[in-house]
Amino acid sequence: MNVVTGEEMHQIDRYAIEEIGLKEELLMENAGLAFVNCILPLLEKKTDRVAVLIGVGNNGGDGFVISRSLLEKGYQVDVWLIPPLEKVKGTAKYHMEVFAKCGYQILNFENFTYEHFLEKLTSCTYLIDALLGTGIRGSLRSPYKEIIPAVNKLDRTVISVDLPSGLPSSEVCEVEEAIKATYTVTLQCPKLSAFTYPAREYYGELSVVDIGIPRLAINEISNERFLWTEKDVKRTLPVRKPSSHKGSHGKALIIAGSKTMTGAPVLTTKACHRLGAGLVTLAIPDVAHEVVASQIIEATFHLCSSKNGEINDTHLSDKQLKDRYDAIAVGPGIGRNNTGSFLKTLLTDFQKPIIIDADGLYYLKRYISTLRTRGGATILTPHSGEFAFLINESIKTVEENRFSLSKQFAMQHGVYLLLKGPNTIVTTPTGNQFINPTGNSALAKGGSGDVLTGMVLALVMQQQDLQPAISNAAFLHGKAADILTSHGFSPLSVLASDLVEIMPQVLDRF
Ligand SMILES: NC(=O)C1=CN([C@@H]2O[C@H](COP(=O)(O)OP(=O)(O)OC[C@H]3O[C@@H](n4cnc5c(N)ncnc54)[C@H](O)[C@@H]3O)[C@@H](O)[C@H]2O)[C@H](O)CC1
Ligand SMILES: [K+]
């Protein structure tokens, strides 16, 4: 599913209308009817009053179709036109006239006192927000500037059309004022602001409805940002052949752990096994072996001599070691006290996929120039803090520009970048971005990243195409958290090891 900015959506609209020949009146009709179909299950009783708040543009035009459809179905609807009648133009005007010709009444905001308007809204159970859509520019102006905070104060169920009014549709850093929706029904393509914070919080529960814009129009304009959905996972997750053997599912090497970080290698290794890796070898410093090995029975071990309680830098430059594996994950719990020069050797000598996480990313900064010319694929899995360190920016800057910065970095260094966070983004070396919809605050805990690294490693070895492998790992990881929190686990108490334990049930759904 394509994710677009408002500007892209307008171009898509234009393509559908001018190149394909669909009428805007029809798209607006489709939009309004699809919206109503989507919200009908939410409206409990026909006696509950609904107010539709209609703005000056085409978002308001959708509001007229919605109002007509609800009235035809027998709902009690107050239809509020906020701008003066004569300001409504084009297709919105057409649908306003159709509405009026059906014999329905328009309440014009101009003709009421502000207090009377608010009083009438207070008598409604549901408010439908068709004030502003993708056409908003700059800060809110009157009367929207006053109406929007007042609507928020009413504390009603608010359902926004396309996006909460006042919210930009692109990558947003700050929100001045916008409708705080309970639900948002987005038309045709999710808008980018639905995956950035704090904008996401204004959307409430998000649904997407088809309004009949042809795929060609969407692909012609915007084919670089996608939501990775359950359907995509089902379509791309590897299926095990009955004739397969352990060698068919990849031989993994995990380089992880140190004397003081013995949990990370356990989590990464177990997660890798749970996602179907054929064989896993864990390279750890000898000082951590006893503790780690007592918790893992499925893996083999490669013991590295240690220095400062961590893997001895020089120990992993053995070429034979690297030739033996299909993919390597390096980083969870390795510490930062040595030079990390083994990473440089791996990057130059190993010609297959390498996943770099956690402290591996810390060392990577020293060797970042080697990425562009690497023989095999490189997959980096930073959270905002690690990414900020890699690109010499503040965490705030990263969090405000997640899409643009990760795209820039992935293309510049020719890597797959999995930027963790709410709505993890997977960016390919060519700059395509895939947004993960699963996961919740239960994942904001030490160890959950170590689990994800093991999952990425396992899937990367089992799928030719790396992007689906990486996105599937992120999806299943988030899904594990979602399943736990919807089955009695508080987000506070989910452990990283719970994610590993629940994985058989997660996979059972696919
Ligand atoms: N393909 C589709 O998705 C379709 C979407 N539709 C709906 O159309 C809107 C976009 O319509 P548009 O007319 O371009 O924009 P708005 O409705 O958001 O109104 C813009 C209008 O508002 C005024 N304005 C702009 N900025 C501000 C501001 N900061 N403060 C106050 N007022 C502002 C100005 O007058 C602008 O002209 C989309 O979201 C969908 O809901 C169609 O139904 C067709 C298919
Ligand atoms: K809206």
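Is Thr424 buried or exposed? In this predicted model, Thr424 is buried, because 28 other C-beta atoms lie within 10 Å of its own, and 20 or more are enough to call a residue buried. Thr424 sits in the loop that joins strand 17 to strand 18. Setting aside the neighbours within four places in sequence, Thr424 is in contact with Leu418, Leu419, Asn436 and Ala474.

Pro422 also has its place in the loop between strand 17 (416-419) and strand 18 (425-427). What differs is the count of surrounding atoms: Pro422 has 18 other C-beta atoms within 10 Å, so Pro422 is partly exposed.

Both residues appear in a record worth a look. In an unreviewed entry, UniProt lists Lys420, Gly421, Pro422, Asn423, Thr424 and Gly449 under "binding site". These residues span 30 residues in sequence, yet no two of their C-alpha atoms are more than 14.2 Å apart, so the listed residues gather at one spot.

Attention can now turn to ligand 1. A shell of 31 residues surrounds ligand 1, and those that come nearest are Gly57, Asn58, Asn59, Gly133 and Gly135. Which helices contribute at least two residues each to this shell? They are helix 1 (6-19), helix 2 (24-39) and helix 3 (58-72). Helix 3 provides the largest share, with five residues. Sorted by chemical character, the shell around ligand 1 holds 13 nonpolar, twelve polar and six charged residues.

Conventions
Residues are numbered from 1 along each chain as its sequence is written. Chains are lettered from A and ligands numbered from 1 in the order in which they are written. This is a predicted model: local features need pLDDT of at least 70, side-chain atom pairs count only at pLDDT 80 or more; totals for chains, interfaces and linings use all residues. UniProt positions are given in the numbering used here, feature names are shortened, and annotations may be inferred rather than shown by experiment. Helices (H or I, at least four residues) and strands (E, at least two) are DSSP runs, numbered from the N terminus. A residue is buried if 20 or more other C-beta atoms lie within 10 Å of its own, exposed if 12 or fewer, and partly exposed in between; C-beta atoms are placed from the backbone. Two residues are in contact if their C-beta atoms, placed from the backbone, lie within 7 Å. A residue is near a molecule or strand if its C-beta atom, placed from the backbone, lies within 6 Å of it. Ala, Val, Leu, Ile, Met, Phe, Trp, Tyr, Cys and Pro count as nonpolar, Asp, Glu, Lys and Arg as charged, and the others, Gly among them, as polar.
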